[in-house]
Amino acid sequence: MRTLRTVGELRAALEPARRAGRTIGLVPTMGALHEGHLSLIVRARSQCDLVVVSLFVNPAQFNEHADLDRYPRQEDRDRGLAAQAGADLLFAPTREEVYPAGFSTSVEVLGLTDRLEGAVRGSAHFRGVTTVVTKLLNMVAPDIAYFGQKDAQQVIVIRRLVEDLNVAVRIEECPTVRESDGLAMSSRNAHLSPDERTRALALHRALAAAGAAVSDGELSADALIRAARDAMTPFDVEPEYLALVSPDTLETVSRLDEPALLAIAARVGATRLIDNVTLYPDVRSNPQQPNPREAQAICSA
Ligand code: AMP
């Protein structure tokens, strides 16, 4: 697997494949790869002829300097894991390559970015995400780009962006990969102390409690959110937001008449975590998503 630092090198490396009509898949990441990222690469490998993984800790999407400064950086380890999962090219540009002197353009998706993460982190966060994703899509020009449901709002915003700007790419959403006790995998989990790691279970337990309430026939959003909140009490974790929203508009819904997204964010110590689950009114549609096994095998090797 080759590592490329510049857009020029990247385009030159992709040119022969593109000319030969081979399909190109892109997995954008900020590194510190875990099984969640690897599941995206494994999926891309199974669907595309050539798989590009990008690794760029995008300063524009961090609203807290401390979060950016302590974001884990481990490129050598990431390179090994990405290669094992089936990536062909690692695109790891410098900050100057992505944002050269004089850079002054941004891409903004309005409305959807005001809610949930946007409401807490401010408009600069999603502006940073949508600008860098637009740049990566233009740099790689993939046929398919892969994103995780772990960041469900991000996928919804990117689908809107791609549709609004007529970007010729298919967006694939991959299920959230979890630790065996349910905690959603995240690069930020590395910051949790042993005590915080236990308390971090509050997020998954909240989502699971709401799912169990739906299975018992509960469809009122207030009741589902109450069940979720109650499940968090023993962990001494307060949600920053806990909302049942439409997966199309991200507006809150008062009843689970259609499938809806239950989204949560919470701070556990200094670490901010997010998670979500799609709830279906017809309980038979609520799938138990097993972890993709191939990604697990790579990380535990
Ligand atoms: P990040 O490096 O955090 O920007 O994440 C890169 C991509 O991996 C995003 O599309 C995330 O949604 C996805 N991702 C992160 N964690 C998980 C997870 N636990 N399961 C599935 N996808 C994930």
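Let's start with helix α2 in this predicted model. Helix α2, residues 35–47, lies across four strands: β2 (24–29), β3 (50–55), β5 and β6. Its direction is at about 155° to β5. A second helix, α4 (residues 75–85), lies across β1, β3 and β4 (89–91), and runs at about 160° to β3.

What is the order of the strands in the open sheet? Reading across, the six strands come as β1-β4-β3-β2-β5-β6, and their pairing is parallel. The edge strands, β1 (2–4) and β6 (170–174), each pair on one side only. From one strand to the next, the twist averages 25°.

In general, strands of a sheet pair through backbone hydrogen bonds. Here is how some of the pairs look:

| Strand pair | Bridges | Direction | 
|---|---|---|
| β2 and β3 | six | parallel |
| β2 and β5 | two | parallel |
| β5 and β6 | five | parallel |

Now take a closer look at β2. Are its residues buried or exposed? Six of its six residues are buried. Ile24, Leu26 and Pro28 are buried on one side, and Gly25, Val27 and Thr29 are buried on the other, so both faces of β2 are covered. Gly25 is a nice residue to find in the structure: its bridge partner in β3 is Val51, while its bridge partner in β5 is Ile144.

You can also follow the chain from β2 through α2 to β3; this β-α-β crossover is right-handed.

Finally, move to β5, residues 144–148. There, Tyr146 stands opposite Glu172 in β6.

Note on methods. Residues numbered from 1 in each chain as written. Predicted model: local features only at pLDDT ≥ 70, side-chain atom pairs only at ≥ 80, totals over all residues. Heavy atoms only, no water. Pairing = 2+ DSSP bridges. Axes fitted to C-alpha atoms, helices over the stretch in contact; angles between N-to-C directions. Contact = heavy atoms within 4.5 Å. Buried < 20%, exposed > 50% of the residue type's maximum accessible area, 1.4 Å probe, protein only. Right-handed = clockwise from strand over helix to strand, strands pointing away.
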